[in-house]
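User: Could you walk me through this one? I have not looked at it before.
Analyst: Gladly, let us open it and go piece by piece.

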Amino acid sequence: MIKNRKFSTSLFVGLCLLFQYLPIIVMVIFSFNSAKSLSNFKGFSFYWYEELFKNNELMSAVFVSVSIAIIATLVSTILGTITAIGLSKSKKIVRQIVLQLNQLPILNPEIVTAISLMLFFAAFKVDKGYMTMLFAHIAFCTPFVITNVLPKVRRLDPNLSDAAMDLGATPFQALTKVILPQIKPAIFTGALLAFTMSFDDFIISYFVTGNGVQNISIAVYNMSKRINPSINALSAIVVFVILGVLALSYIVPAIVKKKTTSKVRKRTARIVIALSCLALVIGIAVRESNKPVLRVFNWGEYVDKSVIKAFEKEYDCKVVYETFDSNESMYTKYTGGNKYDILVPSDYMIERLIKEERIQKLDWSLITNRDSLDTSIMNQPFDPNNEYWAPYFYGNVGIVYDKTKVDEADLGQGFEILRNQKYKGNIYMYDSVRDSFTVALKALGYSMNSDNDAEIQEAYQWLANQKETMAPVYGGDEIIDSMKNSEKAMAIMYSGDAAAIMAENENMDFYLPTEGTNVWFDGFVITNECQEVTLAHEFINYMISDENALLNTLEVGYLTSNKHASAIAKEEDFEGNSAYGIRTDLTGNDEVFTYQDNALKEKYAILWTKIISQ
Amino acid sequence: MKQYKKLVIPYIGWLLLFTLLPMLMIALYAFTDGTGEGGAMMFSFTLSNFTKFFDPVFVKVLFKSFVLGVITTVICLALGYPVAYLISKCKERTQTLLILLITIPTWINMLIRTYAWISILGSNGIINNMLSAVNLPPATLLYTDFAVVLGMVYNFLPFMILPIHTALTKMDPSLNEAAMDLGATPLQTFWKVTFRLSLSGVLTGITMVFLPSISTFMIPKLLGGGQYALIGNFIEQQFIQIGDWSFGSAVSMILAVIVILMMAGVSKIEKYTGQDQEETHSDKKSKILN
């Protein structure tokens with residue numbers, strides 16, 4: 001009977017652990033995948049592990065994550081524990097107020113905490129980086145410690161510590177010898193949670209960091225655009241190391257047999273504290289020497305990193321390289337007090353930055369490689385005389401489709417194919433207000449930049465009807481991987497991503513609807529506050545040179561602005577890949593996004609929320 | 001005991017500086033109709049950001065978030081309590097090991113773990129490949145309510161198990177024995193003694209699962225195929241995509257007030273356990289003694 005119960009106990013806990021580890025196991029398996037996919041195992045290889053160790057950026061992200069998590073855990077555990085003890089003795093009103101305030105970071109959506117801290121640091125002109133990230137982490141970790149420790153403290157018998165003090169103990173002795181031992185499990189749990197929250201945090205870290213300091217989550221987030229299994233390799237190593245340490249700590253004491261006295265424990269505690277102090281010192285000391293510094297803010301996975309290394313060497317400077325995942329988050333960070341010299345925004349965002357006078361005119365005489373640029377795509381409406389931008393990558397938005405599932409004849413329907421009942425439940429839409437409305441407005445024959453109420457309403461009806469009759473899935477960058485794995489028949493896709501899909505799945509093809517679509521451009525601009533104007537121009541010039549543009553386009557898969565490089569890429573890596581190209585029928589129906597003011601943006605966004613939540 | 005009161009002071013200072021002040025800065029936006037353009041705002045007082053929210057569309061979004069939060073919390077509790085209970089019955093060293101084992105997966109980036117679920121549940125995913133290997137029809141798992149709830153429970157379960165386990169450890173076993181001696185059945189003993197005493201842990205667990213789960217959006221977005229418009233997503237959209245910090249701030253304040261009221265209601269439950277009375281009793285005693 002007892003044995004039986006024991007068995008069912010371990011079975012239940014075992015199942016629960018299996019549930020927790022199932023995705024981890026999958027993740028570890030795919031870290032050995034030879035292909036660049038998280039869902040289609042092609043063969044065993046150590047390739048991603050090699051890539052990982054070559055990737056300095058990821059390795060320093062590991063250092064930042066680990067050191068910040070350790071220090072934040074230590075500080076918040078101590079702070080949280082003494083606060084909990086103090087709170088249990090405070091007046092009810094004090095306790096209530098502190099507890100309510102304390103819950104704010106747990107309860108607020110992370111983005112609110114993130115923006116509030118970003119504003120806070122900006123208001124006090126604090127230079128963002130390692131220290132701001134550390135303080136932010138302590139700020140959101142401590143509440144978890146308090147929430148866990150306080151109930152346990154409140155259940156303590158207050159007479160015990162009184163008794164200790166009556167017997168001659170100082171309050172400090174009573175605290176360490178009587179109270180702390182009783183609440184140890186709660187402190188342990190609190191510390192564990194603090195570490196977890198710190199280690200896994202993305203949003204808050206992203207908005208309070210700067211100067212190129214990034215943790216693992218930020219690195220992961222910006223890499224996930226192109227599913228880089230190096231992250232899986234990294235996570236696998238993290239899991240193995242932790243489990244290894246755990247196994248050791250479980251087995252070793254059993255062998256040494258409880259010789260681990262409090263002395264040893266104290267020593268380990270000292271070592272941990274010493275190590276974290278060291279980490280802190282290194283973290284602060286990361287500030288480089290007096291080389292000129294160029295701060296570049298680019299899209300995630302949008303460059304061949306070796307080009308930047310080479311530039312640093314050639315021009316004897318330091319490039320502080322940060323990445324973003326949307327024009328809007330770039331704008332939020334840049335206007336939120338972070339300092340950059342070079343940005344890589346898209347068309348409509350360039351228009352906005354020009355309008356708001358946040359960027360300066362380029363000195364084209366310094367950009368000697370300009371003759372290699374494809375002039376046919378220059379002189380766009382957002383910057384008619386190319387005074388502000390130097391083009392980098394560009395492309396279209398179209399439909400990636402599975403040739404084995406989609407009848408070629410149906411393609412004649414243009415965007416209406418996305419409402420063809422044949423493909424019900426088999427399409428991916430792009431989970432973005434603007435890209436979805438582009439589809440609907442273009443299908444109806446209107447401009448995708450429409451501000452006409454009737455047209456917008458009609459487009460809303462189109463999308464609402466599509467949601468009802470087609471059950472589409474609205475996805476983000478993760479659908480790139482899903483399409484490589486033939487999950488669905490069709491997906492709205494940016495051309496560069498489509499090119500990547502087609503390079504790996506030969507059943508896929510790319511189609512640009514005849515009624516016109518979005519033509520987009522990403523380019524370099526130099527900010528107003530740029531300190532190294534000449535160096536910034538040299539950087540742009542370097543990036544668009546024949547040789548480096550080729551390296552970049554081969555790495556990224558988007559069509560480069562350098563005509564020589566794109567010609568070579570078209571002949572070699574992207575031969576016959578129709579998504580590596582561009583249709584700029586700008587006189588016809590293809591269009592470039594224009595900047596929308598807040599009122600218009602909001603109008604679209606409300607309708608979009610309506611569609612999604614219907 | 002009075003000596004310890006002062007221990008609160010450092011954190012109060014910290015709270016004022018790093019939580020309250022930043023929050024006030026952002027709350028200011030909620031009451032102004034700043035355009036939010038480039039963070040520049042005009043200081044004209046308005047309540048329109050709050051009234052704007054009471055549109056059926058937004059209320060529905062809020063409601064759906066709460067429903068998802070409640071479902072997640074209930075399932076986490078139903079699964080987490082037995083696990084925590086069973087772990088607390090193990091040897092002390094095994095307990096630490098098991099608790100660590102349960103926490104470690106959460107150290108791996110949430111995005112990566114959720115991507116792994118996509119490749120498990122997808123129509124060409126691992127489960128469906130297994131099904132087709134044994135000639136069973138494929139199942140639609142990904143982009144369903146099931147997938148969303150699964151992902152949420154998966155992500156938040158450790159936050160339920162940990163505090164409950166803390167509350168259950170170091171519980172005086174003689175209490176249980178006394179109850180049994182007095183003729184209580186095992187079930188009665190559990191319900192009237194063990195569960196009551198672990199209630200503080202349950203409440204902490206509920207707080208730590210429910211609060212983040214209403215404002216989360218990555219998991220529902222990835223596993224639900226964007227079919228879920230949730231409040232966290234909505235607030236993020238206001239702040240980043242639209243740049244309307246005023247409305248975003250107002251919505252997050254509405255959310256905060258509702259949640260705080262709800263949690264106040266939940267913590268009333270604690271009073272019925274008699275635990276608080278017992279405590280106020282001893283508080284009084286110590287006051288007299290002092």
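**Two helices, then the wider picture**

Analyst: In this predicted model, a good place to begin is a helix contact, where A:Ser436, A:Phe437, A:Ala440, A:Leu441 and A:Ala443 of H16(A) meet A:Glu455, A:Ala459, A:Trp462 and A:Leu463 of H17(A). By kind, the residues of that contact are 7 nonpolar, 1 polar and 1 charged.

User: And at what angle do H16(A) and H17(A) pack?
Analyst: Helix H16 (residues 433-443) of chain A and helix H17 (residues 453-470) of chain A pack at about 105 degrees, and their axes are 9 Å apart. An angle from 65 to 115 degrees counts as roughly perpendicular, so that is how H16(A) and H17(A) lie to each other.

User: Switching topic, which strand does S9(A) join, and how many bridges are there?
Analyst: Strand S5 (residues 390-402) of chain A is joined to S9(A) by 4 bridges, and the two run antiparallel. Within this pairing, A:Asp402 stands opposite A:Met508 of S9(A).

User: Are the residues of S9(A) buried or exposed?
Analyst: In strand S9 (residues 508-511) of chain A, A:Met508 and A:Phe510 point one way while A:Asp509 and A:Tyr511 point the other way, and all of them are buried.

User: What about chain B, how many residues of chain A are in contact with it?
Analyst: There are 100 residues of chain A in contact with 101 residues of chain B. Helix H1 (residues 2-30) of chain A gives the most to chain A's side, with 13 residues, and that side as a whole divides into 56 nonpolar, 30 polar and 14 charged residues.

Note on methods:
Residues numbered from 1 in each chain as written. Chains lettered and ligands numbered in written order. Predicted model: local features only at pLDDT ≥ 70, side-chain atom pairs only at ≥ 80, totals over all residues. Axes fitted to C-alpha atoms, helices over the stretch in contact; angles between N-to-C directions. Parallel < 35°, antiparallel > 145°, perpendicular 65-115°, else oblique. Contact = placed C-beta atoms within 7 Å. Nonpolar A, V, L, I, M, F, W, Y, C, P; charged D, E, K, R; others polar. Buried ≥ 20, exposed ≤ 12 C-beta atoms within 10 Å, placed from the backbone. Pairing = 2+ DSSP bridges.
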